[in-house]
Amino acid sequence: MTEKIIILDFGSQLTQLIGRRLREINVYCEIYPFNKIPVLDDSVKGVILSGSPFSVRDPKAPKPDLDSIKGKYPMMCVCYGAQYIAHTYGGEVNPSLAREYGRAMLTVTKKDSLLFKGVPEVSQVWMSHGDTIASLPQGAEVIASTDDVVNAAYAIEKENIYCVQFHPEVVHSEFGAAMLSNFALGICGCRGDWTADSFIDSSIAHIRETVGDDHVILGLSGGVDSTVAAVLLNRAIGSNLTCIFVDNGLLRKDEFSSVLASYKDMGLNVIGVEAADRFMKVLDGLGDPEAKRKAIGKTFIDVFDSEAKKIKNASWLAQGTIYPDVIESVSVNGPSSTIKSHHNVGGLPKEMNLKIIEPLRTLFKDEVRRVGRALGIKNSLISRHPFPGPGLGIRVLGEVTAEKLEILRNADAIYIDMLRNTPAPEGWKPASGASATGGTESGEGYLTLYDCIWQAGAILPPVKSVGVMGDERTYEYTVALRAVVSTDGMTADWVHLPYEFLAKVSNEIINKVKGVNRVCYDISSKPPATIEWE
Ligand code: XMP
């Protein structure tokens with residue numbers, strides 16, 4: 001049984017970060033909204049209460065019943081969590097008088113506390129709260145203080161409860177990761193053996209147990225998530241998995257043939273469906289972005305559905321859903337929970353009557369990549385940038401025609417190839433989970449610009465402008481280039497690509513792509529812009 005830590009989310013922006021820190025030390029964890037505490041079984045080794053934008057004194061503040069947890073499981077309570085324990089069990093929480101935001105120096109007052117093993121007597125922590133704990137709950141003792149906050153950390157040792165008013169999960173808390181590790185590995189006694197390999201072993205066992213001898217179908221997109229899901233399922237059930245990869249005519253240059261070939265090389269049982277004409281037909285005359293998205297989505301479902309019906313005995317549909325898509329985030333405006341909508345799921349017809357299996361639904365994106373590498377998937381597939389489901393259909397702005405798609409495909413191929421072949425300047429870092437792909441397939445080459453970018457692509461606005469080539473006046477399209485860094489696509493910043501690179505890529509595109517006489521670079525971040533233009 002995979003042992004785990006449960007994190008109860010009180011609505012802090014930082015809750016996912018607590019999860020990341022635990023997984024970095026190979027401890028598996030799950031995040032739940034405070035009002036949906038799961039039934040806790042033997043696999044649960046401890047519980048963490050997160051921070052919150054609320055004050056415990058607010059009548060609308062989250063106030064879960066902790067009877068099934070307190071005294072029964074080790075607890076670590078962060079910021080609001082620490083205040084909630086104090087407020088609920090006999091202590092006192094008041095508005096703070098001194099400044100309790102930002103960096104502070106923490107002095108450990110109980111040197112043999114298990115929470116502070118290996119933590120220096122004085123170290124930097126990061127505070128962010130408007131309330132402070134004026135008196136401790138029953139049975140508690142102070143274990144660390146700052147200049148302004150006496151009860152910066154306290155413990156109820158006989159119940160294995162450790163509370164900190166600062167945020168150990170942020171990097172500004174110098175030894176925060178050590179404290180989380182002391183809690184998980186020391187106090188909770190987790191083994192810390194949750195690795196990509198152990199994930200693969202337990203997933204394979206779980207998939208076999210769940211689907212038995214049934215047949216599973218999976219829609220491949222060429223992206224990292226569906227590819228990793230397919231290879232994992234293939235390991236588990238072999239030929240009982242059929243994958244469907246649809247050419248919607250909106251893929252990038254040579255993408256259908258090259259990705260299909262790599263899938264076949266990996267031993268996947270994959271059906272490539274050439275359906276470009278059907279997509280072009282439904283897009284004919286459509287200019288509105290949402291109308292285009294809907295038309296593409298519906299056609300995809302129709303094509304997928306008719307292919308799926310040809311597969312006898314299919315009773316499961318596998319999807320490459322990942323953890324950020326399924327975490328329910330606590331709404332700051334009330335106790336109700338909202339689920340982030342997911343671009344790729346939903347929309348499949350109910351009458352398909354298939355049960356859903358999502359083998360990656362507990363993994364973050366970079367963990368999916370790690371699992372993919374451990375499964376032996378080629379680095380060029382694992383390190384691919386995200387690409388939207390509607391493909392170039394939303395990068396040709398306005399009406400989509402075969403001529404515009406051809407122009408965009410050629411410009412995009414030049415841009416992406418150059419990003420892949422240009423070494424990154426000194427000091428640049430790989431995007432989350434990416435590895436150095438330059439000059440080799442192994443992931444141990446030199447770092448390229450492509451590796452340091454979260455997502456890049458070319459866009460074709462419906463704009464022609466005047467230019468001059470030789471002695472001729474031209475009236476041709478403008479291509480826009482986009483490159484962003486991001487962690488989850490929710491916010492993004494444009495990448496400061498070197499001028500020399502931009503100059504070179506602009507020259508290449510204008511010289512080689514017929515129909516283009518101008519190249520622009522998008523210097524907008526998200527918000528207020530979005531990553532895609534449509
Ligand atoms: P935006 O443009 O909303 O994009 O900033 C955020 C991320 O989502 C991708 N994206 C989509 N993916 N279907 C998808 O599968 C879509 O309709 C879609 N729209 C945007 C986008 O490429 C970026 O990674």
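Cys79 is buried, with a relative accessible area of 5%. Here buried means under 20% relative accessible area, exposed means over 50%, and partly exposed is anything in between, using a 1.4 Å probe and protein chains only. Cys79 sits in the loop between strand S4 (75-78) and helix H2 (80-88). Helices (H or I, at least four residues) and strands (E, at least two) are DSSP runs numbered from the N terminus. Its phi is near 55 degrees, a positive value in a residue other than glycine.

A word on the ground rules: this is a predicted model, where local features need pLDDT of at least 70, side-chain atom pairs count only at pLDDT 80 or more, and totals for chains, interfaces and linings use all residues. Residues are numbered from 1 along each chain as its sequence is written, and side-chain values use heavy atoms, with hydrogens and water left out.

Asp254 also has a positive phi, about 60 degrees, although it is not a glycine. Look for Asp254 in the loop between strand S13 (241-247) and helix H6 (255-265). At 53% relative accessibility, Asp254 counts as exposed.

Now for the overall layout. The chain splits into domain 1 (4-187), domain 2 (196-382) and domain 3 (395-521), with bounds from an automatic or database domain assignment. The centres of domain 1 and domain 2, taken over C-alpha atoms, are 38 Å apart.

Helix H1 (residues 15-24) is mostly covered, with seven of its 10 residues buried. Among them are Ile18, Leu22 and Arg21. Just after H1, Asn26 takes a positive phi of about 65 degrees.

What about the largest nonpolar core? A nonpolar core is a set of buried Ala, Val, Leu, Ile, Met, Phe, Trp, Tyr and Cys residues joined through side-chain atoms within 4.5 Å. The largest one has 47 residues, of which Tyr415, Leu419, Leu481, Leu497 and Ile509 touch the most other members. Helix H12 (residues 402-421) gives the largest share of this core, nine residues. Domain 2 (196-382) and domain 3 (395-521) both give residues to this core, so it lies between them.

On to the ligand. There are 13 residues around it, and Arg293, Gln455, Lys526, Ile531 and Glu532 come nearest; a residue is near if one of its heavy atoms lies within 4 Å. The shell draws at least three residues from each of domain 2 (196-382) and domain 3 (395-521). The table lists some distances from an oxygen atom of the ligand; a polar contact is a pair of N or O atoms within 3.5 Å.

| Residue | Partner atom | Distance |
|---|---|---|
| Gln455 | side-chain N or O atom | 2.7 Å |
| Lys526 | side-chain N or O atom | 2.7 Å |
| Ile531 | polar backbone atom | 2.8 Å |

Taken alone, the ligand exposes 500 Å², and the protein buries 85% of that; these areas come from the Shrake-Rupley method with a 1.4 Å probe.

Lys526 turns up again in the backbone: a cis peptide bond joins Lys526 and Pro527, with omega about -15 degrees. The peptide bond from Pro527 to Pro528 is cis too, with omega near 5 degrees. Pro527 lies in the segment after strand S23 (516-521), and Pro528 is placed in the segment after S23 as well.

How values were computed: A polar contact is a pair of N or O atoms within 3.5 Å; within protein, one must be able to donate a hydrogen and the other to accept it, and residues adjacent in sequence count only if both atoms are side-chain atoms.
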